[in-house]
Amino acid sequence: MSAEIQSQIPLAELTTLKLGGPARNYIKAQSIEEIIQGLSLAKDQKLPLYVLGGGSNTIFSDQGFPGLVLHIATAGIETIEEDETSVVLDVAAGETWDAFVQHCIAFGLAGVECLSGIPGSVGAVPIQNVGAYGQEVAQTIVSVRCLDRITFEQIVFSNEECEFAYRQSRFKSYDRDRYIVLAVAFRLSTVQIQEPRYEELRQALDPIDGQDSTQKRPEDRIDALLRLRNAVLALRKKKSMVVDESDPESVSAGSFFLNPVIKPEALAEFKAKMEQAGFTDYPCFESDNAFKLSAAWLVEHSGFSRGYTEHGVGISRSHSLALVNRGGRASALMELARKIQKKVFEFSGVWLEREPVLAGPEK
Ligand SMILES: Cc1cc2nc3c(=O)[nH]c(=O)nc-3n(C[C@H](O)[C@H](O)[C@H](O)COP(=O)(O)OP(=O)(O)OC[C@H]3O[C@@H](n4cnc5c(N)ncnc54)[C@H](O)[C@@H]3O)c2cc1C
């Protein structure tokens, strides 16, 4: 069966930010054949191609996308390996991430529970090594099966070959736009739940009534994983980090800026700037011979407060790193983002990198 090629399809509703104009061409691909059909169309007609998952990390520009938007809508979760302590599930790129997390929990499979409530598709999670509350997909991904956009061949990358780092991978760096993720294989534990790094979550895992803390019995594991999921969802809801139609503060792309990671050489300059400004209590964590700063702290201390609004866009009232659409346009959102980047740089000497992807012209 071949996919329907549609024209002038509105894109805003396909994203969590609800911004942007129409796609010149649009295909909803429900099989690998339909994905290849889309790739061929883009190649033959020399159309720019945008691969769309759940649209939760995408900003479409006001003019829309001047080429083909290939919406990945494949489905399927398959067990491909099983041993005494784990199973490997092969998951189609078009599956919804949070539905997959719920599937794992329902079967007592541990490893992705702290990533509950993150919107988007499974195919997008390896792109920026999705993470939250001490877990990231790099910890469970075994391999990523891709389609080469140039040769149309399938290729499997092992976890190591994906070169995962903090919100980073080969797919987001030197191989950006080279591959379409078709499926991701995850190894999940059937015996052990990793102790959460966050105190609020640790409390959720505390064994009730002296139950076995290794959670060897499936029903105990399911129960513990559910408690963790609910604790994560409660924390995320407080920050409007769960997409919820009744919460206008969740009309966002999640965190808009990455936490900056600076080299030891740059730390002295940053410290001097902070001292000059009268601050000594800034968050700064050492990891892998580099220093991770808090983008939220930098935004707040550069003169932007939660709830700030201009031209129909603004900063979430619940989270200073989330930019929200309050009825504005993509151009206004990008303008606000640039304004924040500039102010933060003037204040701290640190440049904040944008996390969501802009598709279509910037202005
Ligand atoms: C309320 C909210 C909370 C969030 N919380 C978090 C969080 O806690 N942690 C976190 O890491 N992120 C978070 N995000 C960001 C976002 O949900 C993730 O980045 C998610 O993985 C994006 O998935 P998507 O399918 O929506 O991607 P899209 O927006 O559709 O695409 C994002 C990028 O991935 C590419 N892509 C998508 N699918 C494929 C594919 N099959 N093959 C190749 N490339 C593909 C796109 O081309 C684009 O470059 C949050 C977002 C929102 C709105």
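Okay, so before anything else: two strands count as paired here if DSSP finds at least two bridges between them. Keep that in mind, and keep in mind that this is a predicted model.

Let's start with strand β5, residues 65-72. It has two partners I want to show you. Strand β2, residues 22-29, is joined to β5 by six bridges, and the two run parallel. If you want a spot to click on, Tyr26 stands opposite Val69 in β5. Then there's β3, which is joined to β5 by four bridges, also parallel. There, look at Leu49, which stands opposite Leu68 in β5.

So how buried is β5? Six of its eight residues are buried, so the strand is largely enclosed by the rest of the structure.

Now, β3 comes back when we look at the ligand. β3 (49-52), β8 (131-132) and β12 (179-189) each give at least two residues to the shell around the ligand. Which residues come nearest? Out of the 32 around the ligand, it's Gly53, Gly54, Gly120, Gly123 and Gly254. As for the chemistry of that shell, we've got 17 nonpolar residues, 15 polar and no charged ones.

Last stop, helix α6, residues 264-277. The helix has 14 residues and reaches 20 Å from first C-alpha to last, close to the 20 Å expected at 1.5 Å a residue. And the cover on α6? Hardly any: the count of buried residues among its 14 is zero. Just after α6 you'll find Gly278, with a positive phi of about 85°.

Okay, that's my tour.

Note on methods:
Residues are numbered from 1 along each chain as its sequence is written. This is a predicted model: local features need pLDDT of at least 70, side-chain atom pairs count only at pLDDT 80 or more; totals for chains, interfaces and linings use all residues. A residue is near a molecule or strand if its C-beta atom, placed from the backbone, lies within 6 Å of it. Ala, Val, Leu, Ile, Met, Phe, Trp, Tyr, Cys and Pro count as nonpolar, Asp, Glu, Lys and Arg as charged, and the others, Gly among them, as polar. The expected span of a helix is 1.5 Å times one less than its number of residues. A residue is buried if 20 or more other C-beta atoms lie within 10 Å of its own, exposed if 12 or fewer, and partly exposed in between; C-beta atoms are placed from the backbone.
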